[in-house]
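Trainee: Could we go through this structure together? I would like to begin with how the helices pack.

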Amino acid sequence: MTQAIVNSEKIPNNVNLSGDPKLQRALEKWLPNYLEWWNEMGPEGTYQNADIYLRTAVDVGSEGWAHFDYVKMPDYRWGIFLEPAQEGRTVGFGDHANEPAWQQVPGEYRNMLRRIIVTQGDTEPASVEQQRLLANSAPSGYDMRNLFQVNVEEGRHLWAMVYLLHSHFGRDGREEAEALLERRSGNADKPRILGAFNEPVDNWLDFFMFTTFTDRDGKFQLLSLAESGFDPLARTCGFMLTEEAHHMFVGESGIGRIIERACELMKLDKNEDAKAQGGISLDQIQRALNFWFSVSEDLFGGEVSSNAANYFASGIKGRAYERKKYQDHLALDGTYKMKLVKEGKLVEEDVSLRNAMNEILRDDYIEDTERVITRWNKTIEESGVKYELTLPSRRFHRQVGAYSEHKFDPQGNLIDEATWNAKRDTWLPTRKDLDHLRTLQTRVTEPGKFAHWIAPPRVGIKGRPVEFEYVRL
Ligand code: BYC
Ligand code: FE
Ligand code: FE
């Protein structure tokens, strides 16, 4: 096996890589396997040789991290960054609240922590795998560049978790780091760990929905891990959050532009049919939204979860904005009201707070998501079209947790199997929807040109014009 050279020149970092020969050795072994994985599972096609106008993190400082230039993706400098240490930081919640934050892994929580880091790490390469064919149908060079930006940053997020495994988990950490390169999204024999990361993302409507809804799960999981009493994890996730904002921008603005075009096309058509005019209809957008919102909600785990209670009790995983938002960091008293199915009926139950941590995080996620829907609806309203997108109930179409054993309509009402079967195709993407998307997926690369079904963005990247050559093929 070839050995890579790993140094601070190649791997920008603020973790003193040059002064840490153990970490260097572990990364030197891992890097060739990572690049092999990237070549096999990263963007498919000739894109690896193309110059892409990308942002590279070269430092955590405000100047260093937003460095833009043309790079070939395999030469992207995958860096390792932690937010700056906070003097005297303490564990912020749970049974160890106010004790000094851990710089090393506490022995009794080793397995739990490793599991969380591996689960987080697994999602990052999974998303790259899911998106690997998309460049071939990019609606513009601008969009293709955004896809690649997301891809390299998800690659870097994998590095972030591998750094933690290598630095803090010894031999089994190194084994887990290898295994992160071996599982494959959607592969029946060696699938990725969480459900949504095995779903195909092979058209741009799904890509923009994924970056709106699934990357947003990333935001909230990272927010809760950024509160962790294990300081290196908290600081790593803190920095990852700065990149996540761009991924969600790509999704929200992408769907916003599809909506904008759909409304324009509706007004051109005598039946207000955007599809007939070569666009994507608002009800197809609603079905895709229903799908990606519900599979992304599953990523928060069960409504009632002893795992989540243990994570909280041990100080490993807090609530989003734990320090800022809450006064009581013990969460030993008090209950959380949730609706659960008992004897064929939805009834309200009190669940102890710690056992409801997954649901509390899901609440924050849903609130954030509602704001996105409001902005999309504003675009529709401004165009003069009468239509409203809605977020389905949290109970709709769930595969994980208390609601997964029953069927619910988008309003959250318990329904029977027959009603579900009769309505399924009005609520979730259909074969016809996918067929239509397939007819739209032709690549557009000429600078400043955009596929017919999507409006151009208002502004380009980093002050560059929209017609800038973001990708040099
Ligand atoms: N699919 O107690 P429960 C991102 C399992 S996204 C399949 O309800 P728990 C990104 C669970 O493992 C952020 N299995 O939930 C976005 C458990 O198994 P065991 C990713 C699932 O344990 C876009 C059982 O069901 N980060 O960064 O609290 C692009 C009962 O579990 C699923 C994290 O997830 C599922 N959806 O798990 C790129 C943070 N959900 O114990 C990147 C780390 C649950 O019965 N993960 N199960 O064998 C965690 O904190 C938690 O493990 C979970 C919830 C949030 C996943
Ligand atoms: Fe990520
Ligand atoms: Fe992301």
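Trainee: At what angle do helix H4 and helix H5 pack?

Mentor: This is a predicted model. In it, helix H4 (residues 141-168) packs against helix H5 (residues 170-179) at an angle of about 155 degrees, and their axes are 6 Å apart.

Trainee: Why are H4 and H5 described as roughly antiparallel?

Mentor: Angles over 145 degrees count as roughly antiparallel. With an angle of about 155 degrees, H4 and H5 are therefore roughly antiparallel to each other.

Trainee: Is their crossing left-handed or right-handed?

Mentor: H4 and H5 cross in a left-handed manner.

Trainee: Changing topic to ligand 1: which residues come nearest?

Mentor: There are 25 residues around ligand 1, and those that come nearest are Gly218, Gly301, Gly302, Ser305 and Asn307.

Trainee: Which helices each supply at least two residues of that shell?

Mentor: Helix H3 (110-130), helix H6 (204-225) and helix H9 (306-313) each do so. H3 gives the most, with six residues.

Trainee: How many residues of the shell are nonpolar, polar and charged?

Mentor: The shell around ligand 1 has 13 polar residues, six nonpolar ones and six charged ones.

Trainee: On to the strands. How many bridges join strand E3 to E4?

Mentor: Eight bridges join E3 (residues 335-342) to E4, and the two strands run antiparallel. Within this pairing, Met338 of the model stands opposite Glu349 in E4.

Trainee: What do E3 and E4 form, and how many residues lie between them?

Mentor: They form a hairpin with two residues between them. Glu343, in the turn, has a positive phi of about 50 degrees.

Trainee: What sign of phi do most residues other than glycine have?

Mentor: Most of them have a negative phi.

Trainee: And why does E4 lie largely in the open?

Mentor: Strand E4 (residues 345-352) has eight residues and the number buried is zero, so E4 lies largely in the open.

Trainee: Back to phi. Where is Ala331, and what is its phi?

Mentor: Ala331 is in the loop between helix H10 (322-325) and E3, and its phi is positive, near 55 degrees.

Trainee: Is Ala331 buried or exposed?

Mentor: Ala331 counts as buried because it has 24 C-beta neighbours inside 10 Å.

Trainee: What about Lys462: buried or exposed?

Mentor: Lys462 counts as exposed, because it has 10 C-beta neighbours inside 10 Å. Lys462 is found in the loop between helix H13 (431-440) and strand E7 (471-472), with a positive phi near 50 degrees.

Key: Residues are numbered from 1 along each chain as its sequence is written. Chains are lettered from A and ligands numbered from 1 in the order in which they are written. This is a predicted model: local features need pLDDT of at least 70, side-chain atom pairs count only at pLDDT 80 or more; totals for chains, interfaces and linings use all residues. A residue is near a molecule or strand if its C-beta atom, placed from the backbone, lies within 6 Å of it. Helices (H or I, at least four residues) and strands (E, at least two) are DSSP runs, numbered from the N terminus. Ala, Val, Leu, Ile, Met, Phe, Trp, Tyr, Cys and Pro count as nonpolar, Asp, Glu, Lys and Arg as charged, and the others, Gly among them, as polar. A residue is buried if 20 or more other C-beta atoms lie within 10 Å of its own, exposed if 12 or fewer, and partly exposed in between; C-beta atoms are placed from the backbone. Two strands pair if DSSP finds at least two bridges between them. Axes are lines fitted to C-alpha atoms, for helices over the stretch in contact, and angles run from 0 to 180 degrees between N-to-C directions. Angles under 35 degrees count as roughly parallel, over 145 as roughly antiparallel, 65 to 115 as roughly perpendicular and the rest as oblique. A crossing is left-handed if the near helix is turned anticlockwise from the far one by less than a right angle, and right-handed if clockwise.
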